[in-house]
Amino acid sequence: MVDDVWKRDEVESPCIKICVVHPEARLCTGCLRSIDEIGRWSRMSPDERRMVMAELPSRAGAFSKRRGGRAARMARRQS
């Protein structure tokens, strides 16, 4: 028996299993997809997936560096 499901030529998911949605950008900080794209991924055509994949590198700058946290506290101590 041949299992064609495992031989399909599909665009792989960019998911890296770090699923945290940025509250302002509304993008996953792991794969950079929007909530809508994540939800529709399994129903997207290969062309739609390729379009999303092509956009992901440009989204990397969507998150600004955190202003607080340990790094900020350490910087204040050194000042």
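Buried, in these legends, means under 20% relative accessible area, exposed means over 50%, and partly exposed is in between (1.4 Å probe, protein chains only). By that yardstick Arg59, with a relative accessible area of 14%, is buried. This is a predicted model, where local features need pLDDT of at least 70 and side-chain atom pairs count only at pLDDT 80 or more, while totals for chains, interfaces and linings use all residues. Residues are numbered from 1 along each chain as its sequence is written, and side-chain values use heavy atoms, with hydrogens and water left out.

**View 1. The whole chain, built from helices.**
The chain has three helices and zero strands, in the order α-α-α from the N terminus. Helices here are DSSP runs of H or I with at least four residues, strands are E runs of at least two, and both are numbered from the N terminus. Of the 79 residues in the chain, 23% are buried. The accessible surface is about 6,600 Å², with 53% of it belonging to carbon and sulfur atoms; areas come from the Shrake-Rupley method with a 1.4 Å probe, and for residues only the protein chains shown count as cover. Among contacts (heavy atoms within 4.5 Å) with a separation of 6 or more, 42% are between residues 24 or more positions apart.

**View 2. Helix α2 and its two sides.**
Helix α2 covers residues 46-59, and at 1.5 Å a residue its 14 residues should span 20 Å; the end C-alpha atoms are 20 Å apart, so the two agree. The expected span is 1.5 Å times one less than the number of residues. Which residues of α2 are buried? They are Arg49, Val52, Leu56 and Arg59. Looking down the axis of α2, these buried residues fall within an arc of 70°, so they line one face of the helix. That arc is taken from the directions from the helix axis to the C-beta atoms. The buried residues pack against α1 (35-40). Flip to the other side of α2 and you find Asp47, Met51, Ala54, Pro57 and Ser58 exposed.

**View 3. The largest nonpolar core.**
Six residues make up this core: Val11, Leu32, Trp41, Met44, Val52 and Leu56. A nonpolar core is a set of buried Ala, Val, Leu, Ile, Met, Phe, Trp, Tyr and Cys residues joined through side-chain atoms within 4.5 Å. Zoom in on Leu56 and, leaving aside neighbours within four places in sequence, its contacts are Pro14, Cys31, Leu32 and Arg33. Leu32 is itself buried, with a relative accessible area of 14%.

**View 4. Two positive phi angles ahead of α1.**
Leu32 sits in the segment before α1, and its phi is near 70°, a positive value in a residue other than glycine. Arg26 also has a positive phi, of about 60°, although it is not a glycine. Arg26 lies in the segment before α1 as well.

**View 5. Arg59 and its partner Glu37.**
Side chains of opposite charge can pair when their charged atoms come close. The structure holds five salt bridges, each a side-chain nitrogen of Lys or Arg within 4 Å of a carboxyl oxygen of Asp or Glu. In this view Arg59 forms a salt bridge with Glu37, and the closest N and O atoms are 2.7 Å apart. The pair links distant parts of the chain, with Arg59 in helix α2 and Glu37 in helix α1, 22 residues apart. Are Arg59 and Glu37 buried or exposed? Both are buried. Not counting residues up to four places away in sequence, Arg59 touches Leu27, Leu32, Arg33, Ser34 and Glu37.

**View 6. A salt-bridge network around Arg40.**
Arg40 forms a salt bridge with Asp36, the closest N and O atoms being 3.1 Å apart. Both residues lie in helix α1, four residues apart, or about one turn of the helix. Arg40 also forms a salt bridge with Glu48, where the closest N and O atoms are 3.9 Å apart. Salt bridges that share partners thus join Asp36, Arg40 and Glu48 into one network. How exposed are the members? Arg40 is partly exposed, at 30% relative accessible area, Asp36 is partly exposed at 47%, and Glu48 counts as partly exposed at 31%.
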